[in-house]
Amino acid sequence: MNVIPVMHCFDNNYVLPACISFYSMLEHADTNYFYKLYVVSNDITEENKQKLFDIVAKFPNASLEFINIDYDFSKLFKKTKNQAHYSKEIYYKFIPARIFTQYEKIIITDVDVVFLGDISKDFVEFDINEDYYLAGVQTLYRRDEYLSKDYKLLKKHYSNQEIDKLLTGAGYWIYNLKKMREDNMPEKFIEFAQKNSKKIVYPEQDTVNLVCYPKIKLLHPKAMVCNHHYRFYQNENDYKLDNFYPADIVKEALENPIQLHYAGQKPWTGELTKGRVWLEYVYKLNLIDEYIDLLSKAFKKDKKTILSFKMPFTKNKIFLMKSVKGKK
């Protein structure tokens, strides 16, 4: 049976999203392929590992393996200026060519996602003999909308030539491991990130794009659609406003996404666009207790935040409030 390897890198805080990511991926998987899921992480508890094993065990054409590695990115992560919601595990995306020497190509995906289609087609069609280090998605980008703020941020750190090289999002990549090994790309990624730790805006994403450019193959944008795109593309006229794609491609991506990626705000921190899709999997997999626990942790991090969200399958909205004592 043909194998499709898929690498994930996350810490113990992302086990619930991983349960949903794994299940939704395998639920839509082509049964003609065997999906080998890998988690590269050093801090996931045995209890949480078992939760993930139980999810994958529901599918006869899949397996799961946890990989602990010796390389420690803690120092690099501490030097990184923009840590945002990331963890040091993002830098494991630099070294799959070292870790998975048994493969010539591999899918690398985040877990703050829901899969709504099968990933096999793009993987099978990605030819390792072509002169590409990776395949990825240049995401939808409506003119004069939310990305204008993103662009202003990039302009503070990068030249126009560098911005033009930031082609793909880090939520979904297919790596040509064979070519990356031949050209020592893991070492080049690490060296670049170390030299530019105070400059890079989106740490692993910018590094991989800037180092791999121009040897990057672009996939159809439906391979990774961000949830916030649905706020800016609501009708046929909106579809015509994208910077990169014609209207019919935009429509196809929004109507038939393979991966729905919750970039930025996460569905376990409150109500957001397309959050219901993720929450329906919480109920489907009976992970409500884990969800409430994760929501509570997110709430405690920001004592001034007022969270509101609709529970799936109901019309009621729940409000969570936390009082903040004023300074004396």
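This passage describes the fold of a predicted model, from its overall composition to its sheets, helices and selected residues. Local features were accepted at pLDDT of at least 70 and side-chain atom pairs at pLDDT 80 or more, whereas totals for chains, interfaces and linings use all residues. Residues are numbered from 1 along each chain as its sequence is written, and side-chain values rest on heavy atoms, with hydrogens and water left out.

The protein contains 15 helices and twelve strands. These elements are DSSP runs numbered from the N terminus, with H or I over at least four residues for helices and E over at least two for strands. Of the 328 residues in the protein, 53% are buried; buried here means under 20% relative accessible area and exposed means over 50%, with partly exposed in between, for a 1.4 Å probe and protein chains only. Contacts are defined by heavy atoms within 4.5 Å. Among the contacts in the protein with a separation of 6 or more, 79% are between residues 24 or more positions apart.

A good place to begin is the open sheet of seven strands, in which the order is β3-β2-β1-β4-β7-β6-β8 and the pairing is mixed. Strands are taken to pair if DSSP finds at least two bridges between them. The edges are formed by β3 (62-67) and β8 (216-218), each of which has a single partner strand, so one side of each is left without a neighbour in the sheet. From one strand to the next, the twist averages 25 degrees; axes are lines fitted to C-alpha atoms, for helices over the stretch in contact, and angles between N-to-C directions run from 0 to 180 degrees.

Within this sheet, β1 is mostly covered, with five of its seven residues buried. It runs parallel to β2, to which it is joined by seven bridges, and Ile4 has Tyr35 of β2 as its bridge partner. The pairing of β1 with β4 is also parallel, over two bridges, and here Met7 has Ile108 of β4 as its bridge partner. Strand β4 (residues 105-109) in turn runs antiparallel to strand β7 (residues 172-176), with five bridges between them; Thr109 stands opposite Tyr172 in β7.

Two helices meet this part of the sheet. Helix α1 (residues 15-27) lies across β1 (2-8), β2 (33-40), β3 and β4, and runs at about 170 degrees to β2. Helix α2 (residues 46-56) packs on the sheet and touches β2 and β3, its direction making about 160 degrees with that of β3. Together, β1, α1 and β2 make a right-handed β-α-β unit: with the strands pointing away from the viewer, the path from the first strand over the helix to the second runs clockwise.

Helix α2 has a clear division between its sides. Its buried residues are Asn48, Lys49, Leu52, Ile55 and Val56. They cover an arc of only 120 degrees around the axis, which puts them on the same side of α2; the arc is that of the directions from the helix axis to the C-beta atoms. These buried residues pack against α1, β2 and β3, while Glu46 and Glu47 are exposed on the other side of α2.

A second open sheet has three strands in the order β5-β10-β9, again with mixed pairing. Its edges are β5 (113-115) and β9, each with a single partner strand, so one side of each is left without a neighbour in the sheet. β5 pairs with strand β10 (residues 259-261) in the antiparallel sense over three bridges, and Val113 has His261 of β10 as its bridge partner. Strand β9 (225-226) is also among the elements against which the buried residues of α13 pack, together with α11 (229-232) and α12 (236-239). In helix α13 (residues 247-255), those buried residues are Val250, Ala253 and Leu254. Seen down the axis of α13, they fall within an arc of 95 degrees, so they line one face of the helix.

Some individual residues complete the picture. Glu89, in the loop between α3 (74-79) and α4 (96-99), is buried with a relative accessible area of 2%. Leaving aside neighbours within four places in sequence, Glu89 is in contact with Cys9, Phe10, Asp11, Val40 and Ser41. Cys9 itself counts as buried at 13% relative accessibility, and Cys212 is buried with a relative accessible area of 1%. A search of the whole structure finds zero disulfides, a disulfide being a pair of cysteine sulfur atoms within 2.5 Å.
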